[in-house]
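This report covers strand pairing, one helix and one loop residue. The sequence and model are shown first.

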Amino acid sequence: MLGQRQGIIVWLYSLKQAKMLRKFGNVHYVSKRLKYVVLYCDLEDAEGIMEKINSYSFVKKVEPSYKPFLKDEYENSKPDKAKEYDYKMGI
């Protein structure tokens, strides 16, 4: 249903224009205290959207989210024997 998505963090000077960012993708979160917006868009369109958003005067900075590019396979995924024993004891 959904393709690959890319998160974009948009730092703003004022939150008055936060609603205007809805035309670029799905607005996931708006921080009132730190004045930023988390926006999700298609992975293929992310670079172009970041350039368009950065050209606005009310935007302080635009950062991409690196979550789709992180490795999610871990080296040591087996639990220690000592910890496993403690969990069985209920400690």
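Two strands count as paired if DSSP finds at least two bridges between them. The model discussed here is predicted.

Strand 1, residues 5–12, meets that criterion with strand 3 (residues 36–42): seven bridges join the two, and they run antiparallel. Strand 1 is also joined to strand 4 (residues 59–64), by five bridges, again in antiparallel orientation. The table lists these pairings with a residue pair from each.

| Partner of strand 1 | Bridges | Orientation | Facing residues |
|---|---|---|---|
| Strand 3 (residues 36–42) | seven bridges | antiparallel | Ile 8 opposite Leu 39 |
| Strand 4 (residues 59–64) | five bridges | antiparallel | Leu 12 opposite Val 59 |

Strand 1 is mostly covered, with six of its eight residues buried.

Helix 1 spans residues 46–54. Its residues Ala 46, Ile 49, Met 50 and Ile 53 are buried. Viewed down the helix axis, the buried residues of helix 1 fall within an arc of 100°, so they line one face of the helix. That set of buried residues packs against strand 1, strand 3 and strand 4. Glu 47, Glu 51 and Lys 52 are exposed on the other side of helix 1.

Between strand 3 and helix 1 is a loop that contains Leu 43. Is Leu 43 buried or exposed? Buried requires under 20% relative accessible area and exposed over 50%; Leu 43 has 26% relative accessibility, so it counts as partly exposed. Leaving aside residues up to four places away in sequence, Leu 43 touches Gln 4, Arg 5, Gln 6 and Phe 69. The C-alpha atoms of Leu 43 and Gly 7 are separated by 8.6 Å, with the two residues 36 residues apart along the chain.

Note on methods
Residues are numbered from 1 along each chain as its sequence is written. This is a predicted model: local features need pLDDT of at least 70, side-chain atom pairs count only at pLDDT 80 or more; totals for chains, interfaces and linings use all residues. Side-chain values use heavy atoms; hydrogens and water are left out. Buried means under 20% relative accessible area, exposed over 50%, partly exposed in between (1.4 Å probe, protein chains only). Helices (H or I, at least four residues) and strands (E, at least two) are DSSP runs, numbered from the N terminus. Contact means heavy atoms within 4.5 Å. The arc is that of the directions from the helix axis to the C-beta atoms.
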